[in-house]
Amino acid sequence: MEVSATAKYVRMSPQRGRAIARELSGLEISQAMATLAFMPNRAAAEIAKVVKSAAANAEHNYALDRDVLRIQSVVVNDGPALRRFRPKSRGRVGMYLKRSGHITVTVEDGMA
């Protein structure tokens, strides 16, 4: 059975999140949490929250055993971007984007 959790509008560039997400597919929950705990990125902390939430959803809502759960997929999609401006030379402006993302973690039980 597949169970998912989503964090929306996370103020983090999706590109940074995807670099972490590639490492987690197929890992057990305990291995994934240990891996995320030792990654120095801020994205790892945000993804760890969603992994915990997906495991808790599976445990509480579907009575699945936490020890047999595996991460099926971690997807980091683009969210809305805040457009901000910075002054440039000769009275011009330069636009830059403060990006956000949506993180979705899907876990499955090992019995499937």
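Two strands are said to pair if DSSP finds at least two bridges between them. With that definition in place, I turn to the structure before us, which is a predicted model.

I begin with a hairpin. Strand β3, residues 82–87, and strand β4, residues 93–98, pair in the antiparallel sense, and six bridges join them. One position to locate is Pro 87, whose bridge partner in β4 is Val 93. Five residues stand between the strands of this hairpin. Among the residues of the loop between β3 and β4 is Arg 90. Arg 90 is not a glycine, yet its phi is positive, at about 60°. Is Arg 90 buried or exposed? Its relative accessible area is 72%, and because exposed means over 50%, Arg 90 is exposed.

A positive phi also appears at Tyr 9, again about 60° and again in a residue that is not a glycine. Tyr 9, however, belongs to strand β1, residues 2–10. With a relative accessibility of 54%, Tyr 9 counts as exposed.

My last subject is Asp 109, in strand β5, which covers residues 101–109. Which side chain of opposite charge is nearest to Asp 109? It is that of Arg 70, 10 Å away; Asp 109 is buried and has no salt bridge. A polar atom of the Asp 109 side chain does, however, lie 2.7 Å from the backbone nitrogen of Met 1. If we set aside neighbours within four places in sequence, Asp 109 is in contact with Met 1, Leu 64, Val 68 and Leu 69.

Notes. Residues are numbered from 1 along each chain as its sequence is written. This is a predicted model: local features need pLDDT of at least 70, side-chain atom pairs count only at pLDDT 80 or more; totals for chains, interfaces and linings use all residues. Side-chain values use heavy atoms; hydrogens and water are left out. Helices (H or I, at least four residues) and strands (E, at least two) are DSSP runs, numbered from the N terminus. Buried means under 20% relative accessible area, exposed over 50%, partly exposed in between (1.4 Å probe, protein chains only). Lys and Arg count as positive and Asp and Glu as negative; His and the chain ends are not counted. A salt bridge is a side-chain nitrogen of Lys or Arg within 4 Å of a carboxyl oxygen of Asp or Glu. A polar contact is a pair of N or O atoms within 3.5 Å; within protein, one must be able to donate a hydrogen and the other to accept it, and residues adjacent in sequence count only if both atoms are side-chain atoms. Contact means heavy atoms within 4.5 Å.
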